[in-house]
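Hi,

Here is the structure I promised to pass on. Have a look at it first, and then read my notes below.

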Amino acid sequence: MKLTTLISAAVAGVIAIPSIALADIVVQDAYARSAGSMAKAGAAFMMLENTGPSADRLIDAKSDAAVKIELHTHIDQGDGVMKMTHVPEGFEIPAGSMIALKRGGKHVMFMGLKNAWSQGDMINLTLVFEQAGEINVQVPVDLERQDKMMHSHN
Ligand SMILES: [Cu+2]
């Protein structure tokens, strides 16, 4: 009797564990750029896909490539001017969907670059997700890439 109860509890425990870690994040097509060899700041862009059954959120980013890393987006102030804004709460990624970090939109901001970025450099970036935890990515610097949607980043 007691043994059966114990086994049932153990099995229930094992079954309950996967519900803790729900989200699965896939990072695709990441690249980074700065505005030239004298630039003190840079940004990283990528696609973030949530293949898990529950929503997740990118809440922080860390890198040794700059003094400060922040999650930023651009907000249209209604006059056609896109203003870059820090987003402390991060970016939600709904279950089973994909969000884009792209030029003129959401991005990972690097402030105070420790070394100038050159074409082909690899930037170490740790993305911190609410559910998925920390994901390390190597982001190639691509200064030549043109996005289809271009916005000024002044
Ligand atoms: Cu920014």
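**What I found**

Let's start with a warning: over residues 13–20 the pLDDT (the predictor's confidence in each residue, from 0 to 100) stays under 50, and the model has zero contacts there beyond four places in sequence. Two residues are in contact if their C-beta atoms, placed from the backbone, lie within 7 Å. Where pLDDT is low, the predicted coordinates should not be read in detail. For the protein chain, the average pLDDT is 86, and 80% of the residues score at least 70.

Two bits of housekeeping. Residue numbers start from 1 along each chain, as its sequence is written. This is a predicted model, so local features need a pLDDT of at least 70 and side-chain atom pairs count only at pLDDT 80 or more, while totals for chains, interfaces and linings use all residues.

Now the overall layout. The protein chain has one helix and 10 strands, and from the N terminus the helix comes ahead of the strands: α-β-β-β-β-β-β-β-β-β-β. Helices (H or I, at least four residues) and strands (E, at least two) are DSSP runs, numbered from the N terminus. Of the contacts with a separation of 6 or more, 69% are between residues 24 or more positions apart.

Next, the sheet. Four strands make an open sheet in the order S6-S3-S9-S10, with antiparallel pairing. Two strands pair if DSSP finds at least two bridges between them. S6 and S10 (133–140) are the edge strands, each pairing on one side only. Within this sheet, S3 and S6 share three bridges, and Asp56 stands opposite Ile93 in S6.

There is a hairpin too, made of S4 and S5 with five residues between them. S4 (residues 66–76) and S5 (residues 82–86) run antiparallel and are joined by five bridges. Thr73 stands opposite Thr85 in S5, and in the turn Gly78 has a positive phi of about 95°.

What about the inside? Buried residues make up 23% of the 154 residues in the protein chain. A residue is buried if 20 or more other C-beta atoms lie within 10 Å of its own, exposed if 12 or fewer, and partly exposed in between. A nonpolar core is a set of buried Ala, Val, Leu, Ile, Met, Phe, Trp, Tyr and Cys residues joined through C-beta atoms within 7 Å. The largest one here has 26 residues, and those with the most contacts inside it include Ala32, Ala44 and Val108. Among the strands that each supply at least two residues of this core are S1, S2 (41–50) and S8 (107–113). S2 gives the largest share, five residues. Leaving aside neighbours within four places in sequence, Val108 is in contact with residues including Ala43, Ala44, Ile69 and Leu125.

Finally, an odd one: Asp29, in strand S1 (residues 25–34). Most residues other than glycine have a negative phi, but Asp29 has a positive one, near 55°. Is Asp29 buried or exposed? Asp29 counts as exposed because it has 11 C-beta neighbours inside 10 Å. Asp29 also touches Met46 and Met47, not counting residues up to four places away in sequence.

Cheers
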